[in-house]
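Okay, thanks for squeezing me in. I'd like to walk you through the sheets and then a few helix packings, so let me put the structure up.

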Amino acid sequence: MAESPRDFDVVLYGATGFTGKLAAEYLLNKYGVDGGLRWAMAGRSLGKLEQVRDELQNGNIPLLTADSDEDASLKAMAEKAKVICTTVGPYALYGSKLVAACASTGTHYCDLTGETQWMRRMIDAHQADAEASGARIVHTCGFDSIPSDLGVLFLQNAMQAKHGVPAQHVKYRVVEAKGEFSGGTVASLINVMEEAVKDKSLRKLLMDPYALNPEGSPTGDDVNDQTGAIYDEDFERWTLPFVMAAINTRVVRRSNALLDQQYGDDFRYDEAMLGPKGMGALKAKIAAGAMTAGTAALAIGPLRAIAKRFLPKPGEGPSQEVRENGFYEILLHGIHPTDRDKDMVAKVTGDMDPGYGSTSKMLAESAVCLAKDELSCGGGFWTPASAMGEVLIARLEKDAGLTFDIVSGN
Ligand SMILES: NC(=O)c1ccc[n+]([C@@H]2O[C@H](COP(=O)([O-])OP(=O)(O)OC[C@H]3O[C@@H](n4cnc5c(N)ncnc54)[C@H](OP(=O)(O)O)[C@@H]3O)[C@@H](O)[C@H]2O)c1
């Protein structure tokens, strides 16, 4: 479909929320309002948008209103934008009509969802429309799942360049991640749990390591995510379950399928957190048990209700000090298929807290990348690696405080 002229390169929907405001602040500081990027803030309440604009001290930022439940207002907003960048979540509650509007109007789209069940529903419902309209739809453009998805791509490209083969197995290990949850994220986690408690087929989907793979694509030997403590010989440390693995691993495996099995048909991928140096078996097992029990507790209605009372409410999140003092460091160990002396290790770091400071920058740069960069993919549901790949890595390194390096085997 020929591209129609659009008023804006990027419309940031949800600019009144916690993460949306951070993304707006980043876009303003980085791109201004009268420069090369034409962008607008959008939300359901004009009054609240005006308040955010006042806080940002720039009366020139254009404002648009649309309610997540009104098809006509969403379509009108989508038709004005090259890219809709949305932080309106939980996405399973408030995001479906917007995806439909973007897929049908040929509007590119990125978000911060980590809701696997919802992504599956959106792919199945709108892939054909997105292919026909040319809309590139990219979920998971925050801490889940950009460091995982682009980290694996980066490591595999280095492995190919050096040894002519992809790593057969990549282990993603969180060395450190300092930050806190926001109310919107808590609401999303609880909503997944509420849906799963009611629906057996959904529980089955969430347990499927290839839950996001295209229908009929090859699957490898990956099994379920780590739930206990496991000693990792390559890192010489105990490892613990990582809460985001359930999302990130599905995204990385979908990337392999969308990249024509570039990582191999027998590619394996897993994620875990490294226990602190010196952590022994007993402490590791106790810590892993406590983490698993904490997640399992959310499946129990009354405990969920208590969690809702004490955890941050929608609109609330970590302070500026917490965000600025936050950071993360991740190691990805790639195992050479035949010669362990040729293993390679990549490191990915971020300069702010993973969930908000860094996430808002990753999301904003994903939107700008979709709007401005030459990308080879057509319309459809993509992952960060399969849609934007190395182009986005370059942007994130240049402007968003991320680093990608090969630290061993180079
Ligand atoms: N993947 C990651 O790494 C990551 C990191 C951070 C956040 N997230 C996700 O991002 C989402 C937002 O998080 P947050 O902490 O920013 O949440 P938040 O502060 O609660 O913000 C939610 C936004 O959605 C808007 N909204 C709610 N209902 C709406 C409706 N019916 N129509 C239009 N807009 C509506 C709110 O508008 P009002 O101001 O008018 O209420 C607000 O702008 C969550 O789903 C969270 O899980 C993901």
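One bit of vocabulary before we start: when I say that two strands pair, I mean that DSSP finds at least two bridges between them. And keep in mind that what you're looking at is a predicted model.

So, the sheets. Here's one with seven strands, and it's open; the order is β8-β9-β10-β7-β11-β12-β14, and the pairing is mixed. Which strands sit at the edges? Those are β8, residues 230-232, and β14, residues 402-408, and each of them pairs on one side only. Going from one strand to the next, the twist averages 35°.

Let's zoom in on the β14 end. Strand β12, residues 344-350, runs antiparallel to β14, and six bridges join the two. If you want a landmark there, look for Thr 349, which stands opposite Thr 403 of β14.

Now the other sheet I want to show. It's an open one with seven strands as well, in the order β3-β2-β1-β4-β5-β6-β13, but here the pairing is parallel. At its edges you find β3 (63-65) and β13 (380-382); each has a single partner strand, so one side of each has no neighbour in the sheet. For the twist, neighbouring strands are turned by 20° against each other on average, ignoring direction.

Inside this sheet, take β1, residues 8-13, and β2, residues 39-43: they run parallel, joined by four bridges. One residue to click on is Leu 12, whose bridge partner in β2 is Met 41. And there's a helix on this sheet: α2 packs on it, touching β2 and β3, and the direction of α2 makes about 160° with that of β3.

That brings me to helix packing. How do α1 and α2 cross? Helix α2 is residues 46-56, and its axis comes within 11 Å of the axis of α1, with a crossing angle of roughly 45°. The two are therefore oblique to each other, and the crossing is right-handed. On the α1 side the contact is Lys 21, Ala 24, Glu 25 and Leu 28, and on the α2 side Val 52, Glu 55 and Leu 56. By class, that's four nonpolar residues, three charged and no polar ones.

Helix α1 has another partner, α14. Here α1 is residues 18-31 and α14 is residues 354-372; their axes are 8 Å apart and the helices pack at about 60°. That angle makes α1 oblique to α14, and this crossing is right-handed too. The contact takes in quite a list, including Phe 18, Leu 22, Tyr 26 and Lys 30 from α1, and Tyr 356, Ser 360, Ala 364 and Val 368 from α14. The class count for this contact is nine nonpolar, four polar and three charged.

Last thing, the rings. How many aromatic pairs does a search of the whole structure find? Nine. The one I'd like on screen is Phe 18 with Tyr 356, an edge-to-face pair at 5.5 Å centre to centre, with 80° between the planes. Phe 18 is in helix α1 and Tyr 356 in helix α14, so this pair ties together parts that are 338 residues apart in sequence. Those two residues are also both in the α1–α14 contact I just listed.

That's it from me. Happy to rotate things around if anyone wants another view.

How values were computed: Residues numbered from 1 in each chain as written. Predicted model: local features only at pLDDT ≥ 70, side-chain atom pairs only at ≥ 80, totals over all residues. Heavy atoms only, no water. Axes fitted to C-alpha atoms, helices over the stretch in contact; angles between N-to-C directions. Parallel < 35°, antiparallel > 145°, perpendicular 65-115°, else oblique. Left-handed = near helix turned anticlockwise from the far one by under 90°. Contact = heavy atoms within 4.5 Å. Nonpolar A, V, L, I, M, F, W, Y, C, P; charged D, E, K, R; others polar. Phe/Tyr/Trp six-rings, centres within 6.5 Å; stacked < 30°, edge-to-face > 60°.
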